[in-house]
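Biologist: I am new to this model. Please pick a single part and take me through it closely.

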Amino acid sequence: MRAHVLTYGCQMNEYDTHTIQSELVSGGHQMVDHPNDANLIILNTCAVRGKPVEKVISVLGEFRKDKRNGRDLTVALMGCLAQLEEGQDIADKFGVDILLGPGAITDILPAVDAIEAGKEHFRSLEFKSDLETYITPAPDSLTGFLTIMRGCNHHCTYCIVPTTRGPEVSRPVDVIMQEAEAMQKAGIQEIYLLGQNVNSYGLGEAHLPSFAELLKEVASTGIPRVKFTTSHPMNFTSDIIDAIAETPNICNFIHLPVQSGSDRVLKRMAREYGRERYLNIIREIREKVDDVVISTDIIVGFPGETEEDFEMTMSLYEEVAYEHAYMFIYSARPGTPSYKHFDDMPKTVKTERLQRLIERQKELSYRANNRYVGRDLRVLVKEMAQKGDYVMGHSDQNHTVLVPKEQISRMGLYDVRIESATPHTLYGTVKGFKSSSIPLMMV
Ligand code: 5AD
Ligand code: SF4
């Protein structure tokens, strides 16, 4: 078949999409660049907030119309939404042909075979163990995502992920290292280790290293950069901070979601840490890791959040001075404990608080970014920027950096002198070339 995958949500979904594509190609199918040219469209979905779900519903509506108008099209719903009753109802309503949960992505070939053989539907919501050892080939890019563990054993009351992705499973080290080495051979310059909770890697499994040990092992391949996401403050231990501080190619960029600055709210969220414990980790990171950039996730307007609670989040912002933050308003998700037990608050209150937080974050990010003006950063230039004459890349600390297109002829690692800053972007000029593998024309 001629297949196209639409990916929503997090980097783990991007990694899964790459696995799905590899499976399809190995099964003799052809990937096409545009959905209009496909007769198999796969939606790899996200269910963490209401908005991405609405988007999927509207896209499915379009495809249903196409099919009713006679288009020969097979539609697959995959990813987190597929695992939920909500997703299964949507699949029924929109005449989806294939439904596979995030633990069953390796069923894509049998699913397509079944549909081609005339079966009306194919569904699988299993958490299959073959994913642990499945080796996904290196992608054709400079950054490679590498899932080291799947699932989540926490039970944050707002979060649907433990339901959609099941309990934590760590992949074997030799499989992870095989993937990392294949990436290095393919010329990948940056490996992103992925998991819902990377620092739970190997917990309770004596034969597996700790996350800090695994980080160092991946870094020992000599790949220029190793990054990771996401971490949970509860088990963000000192050995991880030391590994970052001591190992040059483990990047000094840490995404550590706090979700709220109020102990009362953190408790209702069941986050398993308090404000002071979180701030202690931040202090230790800033003390030990040079030039570190810290980012976070915040949920504004969690049920019962008072103005005083919200002020605690604002004051935590001042103390941490995050360089970057992903800020969300609380979205009541069916199937989560907070949906069941707590009342949502008016949208106007949530949005007004979010606006205040965004304004403050902008100031903090601008101040932090400005500190880099006049300095040189190592930037992995990866793609054409939306802004016409620039190419875009990321620094070791994950800043978005734009440089004039005419200054480079190949994508790759460059030393860049930072000339100016906005809250979201650094602008620079190229000082020197370090390494690359992809000529500019090809990207
Ligand atoms: N509403 C809003 N944001 C949420 N997140 C997870 N669940 C919800 C929800 N119900 C956010 C958290 C998490 C990020 C991936 O998504 O901040 O860290
Ligand atoms: Fe969701 Fe909490 Fe698990 Fe993160 S740690 S995936 S927020 S339940």
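Modeller: What follows is a close look at strand 1, then a helix for contrast.

This is a predicted model: local features need pLDDT of at least 70, side-chain atom pairs count only at pLDDT 80 or more, and totals for chains, interfaces and linings use all residues. Residues are numbered from 1 along each chain as its sequence is written, while chains are lettered from A and ligands numbered from 1 in the order in which they are written.

Strand 1 covers residues 2-7. Strands here are DSSP runs (E, at least two residues), and helices are runs of H or I with at least four; both are numbered from the N terminus.

Look at the side chains of strand 1. Ala 3, Val 5 and Thr 7 point to one face and are buried. Arg 2, His 4 and Leu 6 point to the other face and are not buried. Buried means that 20 or more other C-beta atoms, placed from the backbone, lie within 10 Å of the residue's own. In a regular strand the side chains alternate between the two faces of the sheet.

Now the neighbours. Two strands pair if DSSP finds at least two bridges between them. Strand 1 runs parallel to strand 2 (residues 30-31), with two bridges joining them. Ala 3 has Met 31 of strand 2 as its bridge partner. Strand 1 also runs parallel to strand 3 (residues 40-45), here with five bridges. Val 5 is matched there by Ile 42.

How does the chain get from strand 1 to strand 2? Helix 1 (residues 11-26) joins the two strands in a right-handed β-α-β unit. Right-handed means that, with the strands pointing away from the viewer, the path from the first strand over the helix to the second runs clockwise.

Step back to the sheet. Six strands form an open sheet in the order 2-1-3-4-5-6, with parallel pairing. Strand 2 and strand 6 (122-124) stand at the edges, each with a single partner strand, so one side of each has no neighbour in the sheet.

For contrast, take helix 9 (residues 211-219). Its buried residues are Phe 211, Ala 212, Leu 214, Leu 215, Val 218 and Ala 219. They line one face of helix 9, because they fall within an arc of 160 degrees seen down its axis. That arc is taken from the directions from the helix axis to the C-beta atoms.

Notes. Buried ≥ 20, exposed ≤ 12 C-beta atoms within 10 Å, placed from the backbone.
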